[in-house]
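This report goes through a protein model from its strands to its charged pairs. The sequence and the structure come first.

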Amino acid sequence: MKHNDFKKSKVANIENLAIKGLAVSVLSLPLAQMSFAEEASSEKESRRNEIQTIVVRGIRGSVKESLNIKRFDSNFVDAISAEDVGKLPDRNVAEALQRIPGVAIQRDRGEGDFVSIRGLSPDFVRGSVNGRTLVSGTESFDSTLDGGAASTTGRATNFDVLPSEIINTLEVFKTASAEHVEGGIGGSVNIKTARPLELGNKTAGSIRGQYSDFSEETKPSGSLLHSWVNDDETFGAVVSVSLSQRAIREDLGNSFGYANWQSLDTDGDGLGDTGSETLGAFSANPEIFTEERDRQTFNASLQWRLDSTDIVFDTLYSKRDIDSSQYGAIYSLYAFSHAGVEMCSVSGNADGSITCPEAVIQDGTLTSFPTIANIETFTDVRHGEDESLNLGLNIEHEVGNWIFTGDIAYAKADGVLNVGRSVLSFVDGVQDATNIVRTVEGTASTSNDVVNFTPTADDAQLQNPDNYAIQQIELKNRFNSDEESSLKFDAAYDTGADGITEVKVGVRWRSREKDFNDFTGTDSGRLNPVLLGNAYQAAPSNFLNSTMPGLTPSDLLFPDHNANLANRGQNIVMTENTLGSFNAQEDTLAAYLQLEINSELGDMPLSGNAGVRIVNTNTDVVGQSQTLTLEQQGAINVPVLSGPVEEFPFDNSYTNFLPSLNLKLDVSEDVVSRFSYSQTITRPEFTDLAPSLNIVNATNFIAAFGNPNLKPYTADNLDLGIEWYFEESSALTASLYYKEIADYIVATNNTDVEISGVTFKSVSQPDNQGKATISGLEIGYTQAFTFLPEPLDGLGLTFNLTTVNADLELNSGKEISFPGISDLSMNSAIYYDNGPIQARLAYSWRDEFLLVPVDVFGASEIWSDSYGQFDLSFKYEIAENLNVFVEVINLTDEQEKVFTTSDLTSGNGKRPLSLGQVGRKLGLGISFNF
């Protein structure tokens, strides 16, 4: 990394984390089960279930079941199981996954959504439900970090759209077998839903209310499951429904980043104290989000079990609506002078520096400086939708030593994001359409982990509507859909012999289609601003819990977007960003051969599997294009797209051979060792494949272009593990892993590139230009303290720690930072399970990780700072099968921080970029199971 001066040593971090982990005190570790048989045959599942006949009772029973599954599976797997609907305190699948070793989650408005495994980003994690692909259509928009650029989930799975109540078993598969579907170099996550013939006749559910102390609102959620089987236990049906609402407020103290200022003389000796590499904040952007989330999920399974045939039909439907308002301000910070106002000496010294004794410089960063700020305020009104449907039919038939399995699946996800924005500028009060931007004198600083601006004197005019003008009304509409159909056939032959006990073969066909469309519309207000009138509103108070100094949103006025739209939006014409829209069609055909091993090494049982998977991928991508010509604009010629929009198709094809070997050696009755080798792939992002031209800067001939010729990432993976099951519900485990990734895709800048007859000075294009290595260690410790005297014998502890070391090198030999990698992550819980009481206090933590390799100024990297969170839950059985529970999420009210760092400055300091506050959430509810 480029900021080692500010990182704790790994040893110090581990000690600190261990202390935090052991400081924890009471409630249910999301009840762990462990396996992963993604699209594996039902025959393997039935044999596994025969081995693990366990009566689960509470937290301790689930931990026991978890360890039992881990112990007997041939692969490196971890999992979570839900004993009952509503048992897990985590509100969605992503938040449940954070309890598993090697898994770290990302958060949006404080809610977990995407997951990383062993340091690799969500795009390297394959998501599935009952072994069938989960596709996502989530749209996002971040005006600060990406300038509002189009952003779809690509191949990543948004696990926030699915509630934790649908989980029967949540499996994380960290090594591959030939029978597993390709696509996840980091790993695979499979959600197994309940089967009626396993549940029997049962009704279970929960009702809860959740209070957010920052938004000061309470919202309800509930779930209900009913399972029924006939008297012969040959047919059954299970139906579950989950409804939830959430009220979220998030405050963000943002900045666009840091720009280079010229050399400064702060001691008045006529000489610059620093070189021209000094960095100062370009802006301060306080923002407040208020958001309502509404999610409905329906899940159902029908199951027939005949003499030699098992048939299962699955349905999973989920819909999430998100409505939010954003109150944002932008303080554009002009250091030293602007519009005729001088804050420092502008005459300059002989060496070119500026004398400014008020400026404070630390490690090459302006931490405080006088400035003149332009102020804009804006209001965003957003509506987003995620809708997904998964259907599957599985038929398993047994004939003699053969088991034949057929599976047909269909998945579709649609995402919609509508954003309306109105912008105000702080101006000199006038009575007509002519106005002059008004500046405010003050001091900018980087205190309290946030860029802030404090006016020199209180200026009541900031709340005078006569001093604001409507600058712009903008509309954005984005639509994307992701659709997949698949068909597979597997056959397994029981040899009846030792050594090779079973031979498996199978084929799978899949067709996936991704569409993305982007529409924008803007009025002419920026060119003809008018006075505000009555179309304004105030922002919520108590910004960042009053931790940000200086000017906050409660000191300003914000546009009423709906009123402005009604008054001025009639003439807005929505036009498609044709060059950003695309369609991608991807078809794959795969076949595999796998041998199941059951033998001995000396007198030690040896089991596992060996095989190879062959997969061919055909990709057809259709972008949009127009004629590119040079037009005279002033004294220069600039490239201009004109004429009718035409489709620009491109196709690509490649074949991958993916061998795998997984071995498990029972060294003794309580000790298991493991070895795994595999080759895996992750295919390129659809947005990287789109062959569309984006002219970034016409004047300077700078453009961006997709690359339909991209090859997939490929990886060689090695895993070693040792596990000691020293007591019931207790184990100590360790795993070493190593990944060597080839054809890593990075953005490359090429010079003097000719496109459609026009030569561009610089073109950014994704390319297979890198190679990476990832290595690390996972340590897990679980113990039930049954040896303690009553009532302390109900205590138990779970703890896991993951280290990651990653290097990314371009083909040219240049080393660059690896995105998404946290050097350390951990989670722990102390639980209590005795009689009617179940309780848990859990702590999850991950180290800082790179978000964006280069910011908008091209001078800094953007990092997410380390983050840890305590979650507490308590459950009491008031009657048989009837429980009340209390939950507290983010118990200590942690804030999320983002910073930048650059090697352009001598000290390479960490500079605050964003500080986020979501607050804690408190839940109270009742659950039942009859």
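A salt bridge is counted here when a side-chain nitrogen of Lys or Arg lies within 4 Å of a carboxyl oxygen of Asp or Glu. The model is predicted. By the rule just given, the count comes to 41 salt bridges. One of them joins the side chains of arginine 118 and aspartate 719, at 2.6 Å from N to O. This pair links distant parts of the chain, 601 residues apart: arginine 118 is in the loop between β3 (111-117) and β4 (125-129), and aspartate 719 is in strand β36 (residues 713-727). Arginine 118 and aspartate 719 are both buried.

**Overall composition**

The protein has 930 residues, of which 57% count as buried. Its secondary structure consists of seven helices and 49 strands. Among contacts with a separation of 6 or more, 75% are between residues 24 or more positions apart. The exposed area is about 35,700 Å², and carbon and sulfur atoms supply 53% of it.

**Sheet and hairpins**

Five strands form an open sheet with mixed pairing, in the order β1-β6-β7-β4-β5. Its edge strands, β1 (77-81) and β5 (132-133), each pair on one side only. Inside that order, β6 (residues 169-173) and β7 (residues 187-192) are antiparallel and share five bridges. Phenylalanine 173 has serine 188 in β7 as its bridge partner.

Further along the chain, β8 (residues 202-212) and β9 (residues 217-229) run antiparallel and are joined by eleven bridges. In one of these, serine 212 is partnered with glutamate 217 of β9. The two strands make a hairpin with four residues between them, and glutamate 216 in the turn has a positive phi of about 60°. β9 also pairs with β10, again in the antiparallel sense, over nine bridges. This second hairpin has five residues between its strands, with glutamate 233 in the turn at a positive phi of about 55°.

**Two residues in these strands**

Histidine 226 is in strand β9, and its bridge partner in β10 is valine 239. Histidine 226 counts as partly exposed because its relative accessibility is 43%, and the class runs from 20% to 50%. Leaving out residues up to four places away in sequence, histidine 226 touches Lys202, Thr203, Ala237, Val238 and Val239. With threonine 203 there is a side-chain polar contact of 2.8 Å. The C-alpha atom of histidine 226 is 7.7 Å from that of asparagine 201, 25 residues away along the chain.

Arginine 249 is in strand β10 (residues 235-254). Its relative accessible area is 8%, so arginine 249 is buried. Its side chain makes a polar contact of 2.9 Å with the side chain of aspartate 251. A polar atom of the arginine 249 side chain also lies 2.8 Å from the backbone oxygen of serine 541. Beyond four places in sequence, the contacts of arginine 249 include Phe214, Ile288, Pro540, Asn542 and Gln917.

**Nonpolar patch**

Ile207, Phe874, Tyr876, Ile878, Val886, Leu924 and Ile926 make a nonpolar surface patch of about 620 Å². Both β45 (867-879) and β49 (921-929) supply at least two of its residues, and β45 gives the largest share, three residues. Valine 886 is in strand β46 (residues 882-889) and counts as partly exposed, at 39% relative accessibility.

**Salt bridges compared**

Side chains of opposite charge can pair when their charged atoms come close. The table lists three of the pairs.

| Pair | N to O distance |
|---|---|
| Arginine 118, aspartate 719 | 2.6 Å |
| Lysine 504, glutamate 596 | 3.6 Å |
| Lysine 771, glutamate 809 | 4.0 Å |

Lysine 771 is in strand β38 (residues 758-784) and glutamate 809 in strand β39 (residues 795-810), so this pair ties together parts 38 residues apart in sequence. Lysine 771 counts as partly exposed at 46% relative accessibility, and glutamate 809 counts as partly exposed at 26%. Salt bridges that share partners also join Lys70, Asp78, Arg118, Lys174, Asp719 and Glu778 into one network. Lysine 504 and glutamate 596, by contrast with the partly exposed pair, are both buried.

Definitions and conventions:
Residues numbered from 1 in each chain as written. Predicted model: local features only at pLDDT ≥ 70, side-chain atom pairs only at ≥ 80, totals over all residues. Heavy atoms only, no water. Pairing = 2+ DSSP bridges. Buried < 20%, exposed > 50% of the residue type's maximum accessible area, 1.4 Å probe, protein only. Polar contact = N/O pair within 3.5 Å; in protein donor to acceptor, adjacent residues only side chain to side chain. Contact = heavy atoms within 4.5 Å. Areas by Shrake-Rupley, 256 points an atom, 1.4 Å probe, with all protein chains shown as cover. Patch = residues over 30% accessible without salt bridge, like charges linked within 9 Å, V, L, I, M, F, W, Y side chains within 5 Å.
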